[in-house]
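Visitor: I should be grateful for a close look at the interior of this protein, with enough of its surroundings to place it in context. Please take me through it step by step, as you would for a student in the first year.

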Amino acid sequence: AQGSEPRAPFDPGCSVARELRGFEGDLPQSRAAIAEGQKLTVISLGSSSTMGTGASSEERAYPAVMRDELSRLLPGHEIEVTNAGIGGNSAHQMYQRMDSDVLEERPRLVVWQTGVYDAIHDIGVEKFKRILRKGIAKLREASIDVVLMDQFPVPRAERFPAFASYVAALHEVAAETGTPVFRRHAMLEVLLAERRLKPEELLPMGSQHLVDASYYCVGVNLARTLAEK
C-alpha cells in the first residue's frame, strides 16, 4: 500500500525547529561521557511506543533510530542504547523495574517515556505525579541523567477526557524537579497539523508498518537535541 514503505534515513520531513524539540537543563553525566571519550550509555525506559509496537523491525523503534542518529552526529563516539520498553506498562510498573532494568546497567542517561497508560486509565493525577517524583529521585540518586518524554497525541482524544491533565501533570513535575522534557506531544501535533505525518502513523493499525514514520521522527529529533547538549 502507498505510504507503507519505511522512510529513508535522515528524512528531512521530520525536521522541526530547535525550540520545539529542545529542552532546558543540563545532562552532566552524558556531557562528561562525550567530553571524556567514554561510551555514552542510554536506556530508553517506557511502554509500547518505546518497545516499538507495530514497527517493521526492532531497528525501526525510536531507541534504535536515536542510536543511529547519535552515532551519525557524534562520529568517533561509542553510543549504546538499550530498549527497555514493555507494552502496556504504567508509570508505577516502570518505577518497580528501575532497579533491575536500569540501575544494574549503570547508564549515563535514561529517557523515561511514560504517562500514556496512566492517562487512558485515569489512575489519578496526584498518584501519577508522586510516581514520577519517586522515579526521578531514584535515578538521580544513582547519578543518572533523566529526560522525560511526554505522551503522544491520542486519536479521538474526546474518549479520554482526563488525558490532557496527565500531559500537564508530567510537565508540572518536570518543572518542579528541574527535569528536561522531550515534548513528543507538541512535536507530533505540529507534524500532524503540517500534514507531514498522518494520524494512522502514530499508532500501530494493521500490519503496514506506517508507525515507523512517527518512531523515526521521535528518534531523530531527540538525538539531535541530545547531541547539542
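Guide: The account below begins in the interior and then turns to the pocket, the charged pairs and two loops. Please keep in mind throughout that this is a predicted model.

The largest nonpolar core has 68 residues. Within this core, the residues that touch the most other members are Met66, Trp112 and Leu222. Among the elements of the chain, helix 11, which spans residues 212-228, gives the most to the core, with 9 residues.

Leu222 shows what such a position looks like in detail. Setting aside residues up to four places away in sequence, Leu222 touches Phe23, Tyr62, Met66, Val111, Met149 and Phe182. Met66 thus appears twice in the account, as a partner of Leu222 and as one of the residues that touch the most other core members.

A second residue that rewards attention is Leu109, which lies in strand 3. Is Leu109 buried or exposed? A residue is called buried when its relative accessible area is under 20%. Leu109 has a relative accessible area of 1%, and therefore it is buried. Its surroundings can be listed as well: beyond residues up to four places away in sequence, Leu109 touches Leu27, Ser30, Thr41, Val42, Ile43, Ile144, Asp145, Val146, Val147 and Leu226. Position in sequence and position in space should be kept apart here, for Leu109 and Ala119 are 10 residues apart in sequence, while their C-alpha atoms are 25 Å apart in space.

From the interior we may pass to the largest pocket. Rolling a probe the size of a water molecule over the atoms shows where empty space is left. The largest pocket holds about 210 Å³ of space. It is lined by 17 residues, and those closest to its centre are Ser47, Ser48, Val116, Ile120 and Phe152. Two elements give two or more residues to this lining, namely helix 3 (48-51) and helix 7 (116-120). Helix 7 supplies the largest share, with 3 residues. By character, the lining divides into 9 nonpolar residues, 8 polar residues and no charged residues.

Charged residues enter the picture elsewhere. Side chains of opposite charge can pair when their charged atoms come close. A search of the whole structure finds 14 salt bridges. One of them joins Lys129 to Glu126, with the closest N and O atoms 3.9 Å apart. Both residues lie in helix 8 (residues 125-141), 3 residues apart, which is about one turn of the helix. How do the two partners stand with respect to the surface? Lys129 has 9% relative accessibility and so counts as buried, whereas Glu126, at 46%, counts as partly exposed. Leaving aside neighbours within four places in sequence, Lys129 is in contact with Ala169, Glu172 and Val173.

Two further pairs may be set beside this one. The side chains of Glu59 and Arg67 meet in a salt bridge of 2.5 Å, N to O. Glu59 is partly exposed, with a relative accessible area of 43%, and Arg67 is also partly exposed, at 22%. In the other pair, Arg196 forms a salt bridge with Glu194, and the closest N and O atoms are 2.8 Å apart. Arg196 counts as partly exposed at 26% relative accessibility, as does Glu194 at 46%. In addition, salt bridges that share partners join Arg18, Arg21 and Glu228 into one network.

The account closes with two loops. Most residues other than glycine have a negative phi. Arg195, although not a glycine, has a positive phi of about 60°. Arg195 is placed in the loop between helix 10 (184-193) and helix 11. A residue is called exposed when its relative accessible area is over 50%; Arg195 therefore counts as exposed, at 77%. Arg106 likewise has a positive phi, of about 50°, without being a glycine. Arg106 is found in the loop between helix 6 (98-101) and strand 3 (109-113), and Arg106 is exposed, with a relative accessible area of 71%. Strand 3 brings us back to the interior, since it is the element that holds Leu109, a buried residue with 1% relative accessible area.

Technical notes:
Residues are numbered from 1 along each chain as its sequence is written. This is a predicted model: local features need pLDDT of at least 70, side-chain atom pairs count only at pLDDT 80 or more; totals for chains, interfaces and linings use all residues. Side-chain values use heavy atoms; hydrogens and water are left out. A nonpolar core is a set of buried Ala, Val, Leu, Ile, Met, Phe, Trp, Tyr and Cys residues joined through side-chain atoms within 4.5 Å. Buried means under 20% relative accessible area, exposed over 50%, partly exposed in between (1.4 Å probe, protein chains only). Helices (H or I, at least four residues) and strands (E, at least two) are DSSP runs, numbered from the N terminus. Contact means heavy atoms within 4.5 Å. On a 1 Å grid over the protein atoms alone, a cavity is a set of points where a 1.4 Å probe fits but cannot get out, and a pocket is an open set with protein on both sides within 12 Å along at least five of seven lines; lining residues have an atom within 4 Å of a point. Grid points are joined across faces, edges and corners, and a volume is the space filled by probe spheres set on the points. Ala, Val, Leu, Ile, Met, Phe, Trp, Tyr, Cys and Pro count as nonpolar, Asp, Glu, Lys and Arg as charged, and the others, Gly among them, as polar. A salt bridge is a side-chain nitrogen of Lys or Arg within 4 Å of a carboxyl oxygen of Asp or Glu.
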